[in-house]
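Subject: Structure handover

Hi,

Here is the structure I said I would pass on. Have a look at it first, and then read on for what I found in it.

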There are 2 protein chains.
Amino acid sequence: MTCTAALKSPPLAVPFDQWILECGTRFDEAAQRTLPCADAVPTRLHQAMRYAVLDGGKRVRPLLVYAAGDVTDAESDACDRAALAVEFVHAYSLVHDDMPCMDNDVLRRGKPTVHVEFDEATAMLAGDALQAEAFKVLADGALPASQTAALIRELAHASSTAGMCGGQAIDLAAVGTTPTIAELERMHRMKTGALLRAAVLMGALSGRASLLTECTREALGQYGDAIGLAFQIVDDLLDVEASTAELGKTAGKDAEQHKPTYVSLLGAQAARAWSLRLRAQALQAIDGVGNSARLRDLADFVVCRKS
Amino acid sequence: MTCTAALKSPPLAVPFDQWILECGTRFDEAAQRTLPCADAVPTRLHQAMRYAVLDGGKRVRPLLVYAAGDVTDAESDACDRAALAVEFVHAYSLVHDDMPCMDNDVLRRGKPTVHVEFDEATAMLAGDALQAEAFKVLADGALPASQTAALIRELAHASSTAGMCGGQAIDLAAVGTTPTIAELERMHRMKTGALLRAAVLMGALSGRASLLTECTREALGQYGDAIGLAFQIVDDLLDVEASTAELGKTAGKDAEQHKPTYVSLLGAQAARAWSLRLRAQALQAIDGVGNSARLRDLADFVVCRKS
């Protein structure tokens, strides 16, 4: 992305590791305030929603929102709402994917999955309610209506059958088959990539419209696409290379369930190399985008993570 | 509602029965165009979503949208989008409620339920994707952003744990118990009433803001509340009095599942009398609202329906 002269980003006062911790705290506080109270009726449903969102997760999507918000000088409240919305959608997808009729998993973020800790009906409803909550938190803000509508459009498309839900359906149908790399890539661009890309774009949409030129938007989309696919390749690598304790979810599930992955199709070495090429593509895409230092850090974070 | 002088509604050119048929056709054509194509990948998911929405249902919520749209002289496209959104949410809730971990039902709208016709994973995903599609169809319109945001806010609240999802959770917890009438009413106002009320308000929000005064909005909300509760009482009556063939869904399920209902708590006669009082309340609420003839017809339709 070289359509504007590279803007000089100011030096970042806070080291990346500390920024991640601060963002995590900021996100958790916002989620604590926003999610329905655990002691309000229906208590069990509210407890399950809070269980699914709080106390865990790498918060990659909120981090992408906050980092992209820097690019357009986003207001704190708008950014928090975008981060909550995208993470609520992510959390609901995990709750439903873990259920017996889908991946049937019992461990997530180092804790029993929602249907194990509560029950299947509560897990289904908690997922449903989290999706509603995602759109509610965007619609309830004091943001200009045009910004609200744009954020919701981005999230709805990423969550639809053209995005996350569609990718999950293709994933289910692929179990036991041997797709081509192109087919696997398409599936993951939908299942995981669409929401990660949306996180980046929603962060940028949370800020000043005048700073989000068509060119910057295009660059951020390319960055989001590359990071989204890299994230999934690393996920596949970690499923093979890391332990259940490190991941906080059951390791080795892909092979056990005969799920085609980048590792099973390409081998670990080629998959690792591909993730590094995608990191380079992501960085190149935002080369001329101002105030993108955190996005650059996050490209490394996504590719080099150990869990 | 007597805060404005009663406006004289123009005589309606089309009889009510014909209007219902025309609205049904209009809705089905809009849904056909809007839902993802059945032959697009992921085909099975798209087929399940279309199966859940098309070819069936009384379309009470779309009818309420169209009727309330008359009050504010709503544009056709805006009204269609509101009708689609609210019916997609209703359809997703039926798909999920019918699943084995919830009500475990095999018949809906005279057809096998989605998880029976397809499978549980596809049913869960189809419900998830229909919810996303509901917000997408609102966000994708060419409506003014303020109108889009208001419609989405209404739908998100009605779908949340303060509305439909919360009511369903309370309903599940109430199986085998004997709640008070007040508790049962609260549950149904959330589970069924919130979305019916939202349908009325979203129809009105689809039109000219200048015609939706605070007073008219209040009146329509009261109408929606009364109609929403009456709808559920009649549902409980029909579960006892009508046959499976008439209903297109399994009759007698409430008693079989030991679900508390208005009929089990009050008896059929008192329940019927209450539904008639609610109809009168609904009509009184919109007494001074102009162009509300279809809403008046619908109050009768909801209370006197046989399926």
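What rotation superposes chain B on chain A, and with how much shift along its axis? The rotation is 180 degrees, the shift is 0.0 Å, and the RMSD comes out at 0.0 Å. The two copies are thus related as by a two-fold rotation axis. If you want a landmark in chain B, take B:A145: its C-alpha is the nearest to the axis, at 2.6 Å. Do keep in mind that this is a predicted model.

**The interface**

Chain A and chain B each put 40 residues into the contact. On the chain B side, α2 (43–53), α6 (120–139), α7 (145–159) and α8 (164–174) each supply at least two residues. The top contributor there is α6(B), with twelve residues. By type, the chain B side splits into 22 nonpolar, eleven polar and seven charged residues. The copies meet through the same surface, because 100% of the interface residues of chain B are also interface residues in chain A.

**Chain A as a whole**

Chain A has 15 helices and two strands. Its radius of gyration is 19 Å, close to the 19 Å that the globule rule gives for 307 residues, so chain A is as compact as a globular protein of that length. Along the principal axes, the C-alpha atoms of chain A fill a box of roughly 50 × 50 × 35 Å. Of the 307 residues in chain A, 53% are buried. Take the contacts in chain A between residues at least 6 apart in sequence: 75% of them join residues at least 24 apart.

Two helices of chain A are worth a look. Helix α6 (residues 120–139) has 20 residues and spans 29 Å from first C-alpha to last, close to the expected 28 Å. Since 19 of the 20 residues of α6(A) are buried, this helix is largely enclosed by the rest of the structure. Helix α4 (residues 76–97) has 22 residues and reaches 31 Å, close to the 32 Å expected. α4(A) is mostly covered too, with 20 of its 22 residues buried.

**The core**

Which residues have the most contacts inside the largest nonpolar core? They are A:L155 and B:L155, and that core has 198 residues. Beyond its neighbours within four places in sequence, B:L155 is in contact with B:A85, B:V86, B:V89, B:A134, B:L138, B:A198 and B:M202.

The last of those partners, B:M202, lies in helix α9 (residues 181–205) of chain B. B:M202 counts as buried because it has 31 C-beta neighbours inside 10 Å, and the cut-off for buried is 20 or more. Leaving aside neighbours within four places, the contacts of B:M202 are B:V65, B:A82, B:V86, B:L151, B:E154 and B:L155. With B:A82, the C-alpha to C-alpha distance is 6.1 Å, although B:M202 and B:A82 are 120 residues apart in sequence.

For contrast, try B:S76, which sits in helix α4 (residues 76–97) of chain B. Is B:S76 buried or exposed? B:S76 is exposed, with 12 other C-beta atoms within 10 Å; exposed goes up to 12. B:S76 and B:A209 are 133 residues apart in sequence and 15 Å apart in space, C-alpha to C-alpha.

**Backbone details to check**

Some spots for your geometry checks:

- The peptide bond from A:V41 to A:P42 is cis, with omega near 0 degrees. A:P42 is in the loop between α1 (16–34) and α2 (43–53) of chain A.
- In chain B, a cis peptide bond joins B:V41 and B:P42, with omega about -5 degrees. B:P42 is in the loop between α1 (16–34) and α2 of chain B.
- A:R109 is not a glycine, yet its phi is positive, about 55 degrees. A:R109 is in the loop between β1 (107–108) and β2 (111–112) of chain A, and is partly exposed, with 18 other C-beta atoms within 10 Å.
- B:D73, also a residue other than glycine, has a positive phi near 55 degrees. B:D73 lies in the loop between α3 (60–71) and α4 of chain B, and is partly exposed, with 13 other C-beta atoms within 10 Å.

Cheers

How values were computed. Residues numbered from 1 in each chain as written. Chains lettered and ligands numbered in written order. Predicted model: local features only at pLDDT ≥ 70, side-chain atom pairs only at ≥ 80, totals over all residues. Helix = DSSP H or I, 4+ residues; strand = E, 2+ residues; numbered from the N terminus. Expected span 1.5 Å × (residues − 1). Contact = placed C-beta atoms within 7 Å. Nonpolar A, V, L, I, M, F, W, Y, C, P; charged D, E, K, R; others polar. Core = buried A, V, L, I, M, F, W, Y, C linked by C-beta atoms within 7 Å. Least-squares fit on C-alpha atoms with pLDDT ≥ 70 in both. Rg over C-alpha atoms; globule rule 2.2 N^0.38 Å.
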